[in-house]
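Work through these exercises with the sequence and the model side by side. Try each task before reading its solution.

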Amino acid sequence: MSDPIISVENLSKKYRLGQIGTGTLSNDLKVWWALKRGLPNPMLKIGQEDHGNQTDGYIWALREVSFSVQPGEVLGIIGRNGAGKSTLLKILSRVTAPTTGRVKVRGRIASLLEVGTGFHPELTGRENIYLNGAILGMTKQEIDRKFDEIVDFAEIEQFIETPVKRYSSGMYVRLAFSVAAHLESEILLVDEVLAVGDLEFQKKCIGKMGDIASEEGRTVLFVSHNMVSVRRLCERGILLNAGVIETMGPIDDTLNQYMSIKEKTQLQDLASRTDRSGNGRLRFTGIEVLDESKIKYNVKLGSPTTIFIKYQGTAPLRNVRISLSIVNQYGERLNWLCNDFSGQPFQDLPEKGTIRVDFPRFPYMPGSYAIGVQALVGRDLADKVPNATVFQVHAGDFYDSGMNPPAKSGSVLVPHTWSVQAEE
Amino acid sequence: MEKTENEAKKWDLIIEPKRQLLDLRLSELWKYRDLIALFVRRDFVAAYKQTILGPLWYLIQPLLTTIIFTFIFGQVAALPTDGLPQFLFYMSGNILWAYFADCLTKTSNTFVANTNLFGKVYFPRMAVPVSILISNLITFAMQFVFFLLFVGYFALRGSEIHPNLWILAFPLLLLIMAGLGLGLGILISAMTTKYRDLRFLVSFGVTLLMYATPVIYPASSVPAQYQTIIHLNPVTSIIETFRYGFLGSGTVNPWGLVYSFIFMVVIVVIGSIVFNRVEATFMDTI
């Protein structure tokens, strides 16, 4: 085992909750005056949510995190929102300083926390490549050398002298990613960049990330919610939970651990979740997504799949409409499915039960999806949970053609057949 | 001892919670000189895109201001100008003051205006104020040449203009001016990360400060009891010396220059220390 390229030692980061001060001098004076007279702080928010990792108005975004990374390794960092992933990357990229502990690094670190930072809309593509490259830490000579490669990769040759404010959002993102991907640094930090651009380009980005690690031998730290690309790119993973390392090891183990944590919170919690609306005559208590493999929330494209929705009503209900929205990882709603639309209204619904939605061939392209559920009893909204659960779709042979459908097929596949008829 | 030396050699970068008070890492800033150059370029290219007159605006601005000043303060209010042609008197004060004011207001906005950028990538934050200083210096250089053309024109027409050896103090004046703008600017920018109030203070404070500086009137016309107060303003001696060197009338006070210089050094040191402290964690507070 060679020497590590990054060594993180007992890293902790503490944030103060709410605002730091109140933003203006006069409000700070008001607070000071109120406290001085023994009155409660007038600027304090009431009833803030407790995440379990906060004490006395502070929150530990990271607590005593230690790990090391070998040169050439692609390390995936996963965890729920607020687990400390972004804070970790921010400290590594030196955007903010740690509270205690330290990080030792060999070589240069470049970060790709969000593509296109520092782009100036009035400047041309060429000017922005230089500006963005310099912001990311490249010298002019380095950019000169890489210039053609960057333009090629972004596929914007014709528009290189056009101000980027005239670019389509796709072109913009492609150019930005391209600049960042061509950085000559030993270590690259990536946060969720792949959640942009069209599918085709995303594939190209993932491919490029793989090249960066395998061919150029660079070290990559990768933060993403997209489990498919994490699995594809990373060999090892770190699972963060509430600021501490929950698991660290081979990526499959880490992902499984993550899924089981996620499953626990999602399944057990649907009944007790508070981010819902409706009069409560019916409440959703659980939701599961299963295909033939019987591994929950992991579905193969094209396989027979069932979504089970458990509910509890206040009494047997009449005239109930249940709808499902399928939302992809970019927040786009792909479908809105309702038993009313498909002509199968529930005239009489038992007080408690499980509703099945069967898909003969699961039609959603590989990726991460969220399901929102909603119930109408008569005309009134009984229950609505926007992000009831999340599940993954893996590649599969939808058309029984012996191969996986290409990414350009679209987001939702449609069963169909082709044939020819000869004409006289 | 030997062990720590080995440690330091092995690692290129160590990220730690606190840094030294006066560790300004100027060498790092030097490494990012290409970035500074590109920031300067961006400021120029972006500022006048989609304008017809383009960079001519750098000359139109001081020209129009000077004409208005000449009319209002020279003709209507009839303020004294130490016997100088009013146009040259106001123009000299105006371009110098504009340099100082622009450096100050733009650098004081460093953190707030670049939150988005600073929140995503690391580069020495000082690159932004330094680039502002340089692009303002280039603007000033253009306006200064423009000013010299007018000096030549008035001299040919036989106006009472007597340039003298104090002209040699010009680089020093520029240095003090730049330092004052930078030092105050970064000090305020570091403090605005916590208190936005200061932004309002700066925007109208700079305008008010102009009236406490001999821009539109000569220091000699200030009543005796206020002379000390006006000379407490570190910009006073700079503008007076500039006028004396290039136009040959007014007052020069060497001690005033020494005072301005010391004031500048102190403010730059304090500004750098505060800026340096805030730089590390300002993302958490902004």
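## Exercise 1: A residue in helix α2

Leaving out residues up to four places away in sequence, Ile91(A) touches Leu11(A), Lys13(A), Thr96(A), Pro98(A), Val103(A) and Ile15(B). This is a predicted model. Task: place Ile91(A) in its element and decide whether Ile91(A) is buried or exposed.

Solution.
- Step 1. Find the element: Ile91(A) sits in helix α2 of chain A.
- Step 2. Count neighbours: Ile91(A) has 26 C-beta neighbours inside 10 Å.
- Step 3. Apply the cut-off: a residue is buried if 20 or more other C-beta atoms lie within 10 Å of its own. Ile91(A) therefore counts as buried.
- Step 4. Check a distance: Val173(A) is 82 residues from Ile91(A) along the chain, and their C-alpha atoms are separated by 25 Å.

## Exercise 2: The sheet under the helix

Task: give the strand order of the open sheet of 6 strands in chain A, then say which strands helix α2 of chain A touches.

Solution.
- Step 1. Read the order: β6-β7-β8-β4-β9-β10 of chain A, with mixed pairing.
- Step 2. Name the edges: β6 (109-112) and β10 (244-250) of chain A each pair on one side only.
- Step 3. Note the turn: neighbouring strands are turned by 15° against each other on average, direction ignored.
- Step 4. Inspect one pair: β4 (residues 74-78) and β9 (residues 236-241) of chain A are parallel and share 4 bridges. Here Gly76(A) stands opposite Gly237(A) in β9(A).
- Step 5. Add the helix: α2 (residues 85-92) of chain A packs on the sheet and touches β4, β6, β7 (187-191), β8 (219-223) and β9 of chain A. The direction of α2 makes about 145° with that of β8(A).

## Exercise 3: An arginine in a loop

Task: locate Arg218(A) and decide whether Arg218(A) is buried or exposed.

Solution.
- Step 1. Locate: Arg218(A) lies in the loop between α6 (199-214) and β8 of chain A.
- Step 2. Count: Arg218(A) has 23 C-beta neighbours inside 10 Å, so Arg218(A) counts as buried.
- Step 3. List contacts, not counting residues up to four places away in sequence: Glu186(A), Ile187(A), Leu188(A), Ile212(A) and Ala213(A).
- Step 4. Check one of these: Leu188(A) is 30 residues from Arg218(A) along the chain, and their C-alpha atoms are separated by 7.5 Å.

## Exercise 4: Where the chains meet

Task: describe the contact between chain A and chain B, and find the strands that pair across it.

Solution.
- Step 1. Count the two sides: chain A gives 38 residues and chain B gives 30 residues.
- Step 2. Find the elements: β5 (100-105) and α3 (125-135) of chain A each supply at least two residues of the chain A side.
- Step 3. Sort the chain A side: 16 residues are nonpolar, 14 polar and 8 charged.
- Step 4. Find the pairing: β5(A) and strand β1 (residues 13-15) of chain B run antiparallel, joined by 3 bridges. Val105(A) stands opposite Leu13(B) in β1(B).

## Exercise 5: Chain B and the nonpolar core

Task: summarise the fold of chain B, then say which residues have the most contacts inside the largest nonpolar core.

Solution.
- Step 1. Count elements: chain B has 13 helices and 1 strand.
- Step 2. Take the dimensions: the C-alpha trace of chain B spans about 75 × 45 × 35 Å along its principal axes.
- Step 3. Check burial: 39% of the 286 residues of chain B count as buried.
- Step 4. Go to the core: the largest nonpolar core has 161 residues, and Phe222(A) and Phe100(B) have the most contacts inside it. Helix α5 (residues 86-107) of chain B gives the largest share, 12 residues.
- Step 5. Include chain A: domain 1 (62-258) and domain 2 (270-409) of chain A each give this core at least three residues.
- Step 6. Look around Phe100(B): leaving aside neighbours within four places in sequence, Phe100(B) contacts Met177(B), Leu180(B), Gly181(B) and Val235(B).

## Exercise 6: One strand, two partners

Task: which residues are the bridge partners of Val299(A) and Gly367(A) in β19(A)?

Solution.
- Step 1. Val299(A) has Val393(A) as its bridge partner. Strands β12 (residues 298-300) and β19 (residues 380-394) of chain A run parallel, with 3 bridges.
- Step 2. Gly367(A) also has Val393(A) as its bridge partner. Strand β18 (residues 367-377) of chain A runs antiparallel to β19(A), with 10 bridges.
- Step 3. Finish at the hairpin of β18(A) and β19(A): there are 2 residues between the strands, and Gly378(A) takes a positive phi near 65°.

Notes: Residues are numbered from 1 along each chain as its sequence is written. Chains are lettered from A and ligands numbered from 1 in the order in which they are written. This is a predicted model: local features need pLDDT of at least 70, side-chain atom pairs count only at pLDDT 80 or more; totals for chains, interfaces and linings use all residues. Two residues are in contact if their C-beta atoms, placed from the backbone, lie within 7 Å. Ala, Val, Leu, Ile, Met, Phe, Trp, Tyr, Cys and Pro count as nonpolar, Asp, Glu, Lys and Arg as charged, and the others, Gly among them, as polar. Two strands pair if DSSP finds at least two bridges between them. Axes are lines fitted to C-alpha atoms, for helices over the stretch in contact, and angles run from 0 to 180 degrees between N-to-C directions. A nonpolar core is a set of buried Ala, Val, Leu, Ile, Met, Phe, Trp, Tyr and Cys residues joined through C-beta atoms within 7 Å. A residue is buried if 20 or more other C-beta atoms lie within 10 Å of its own, exposed if 12 or fewer, and partly exposed in between; C-beta atoms are placed from the backbone. Domain bounds come from an automatic or database domain assignment.
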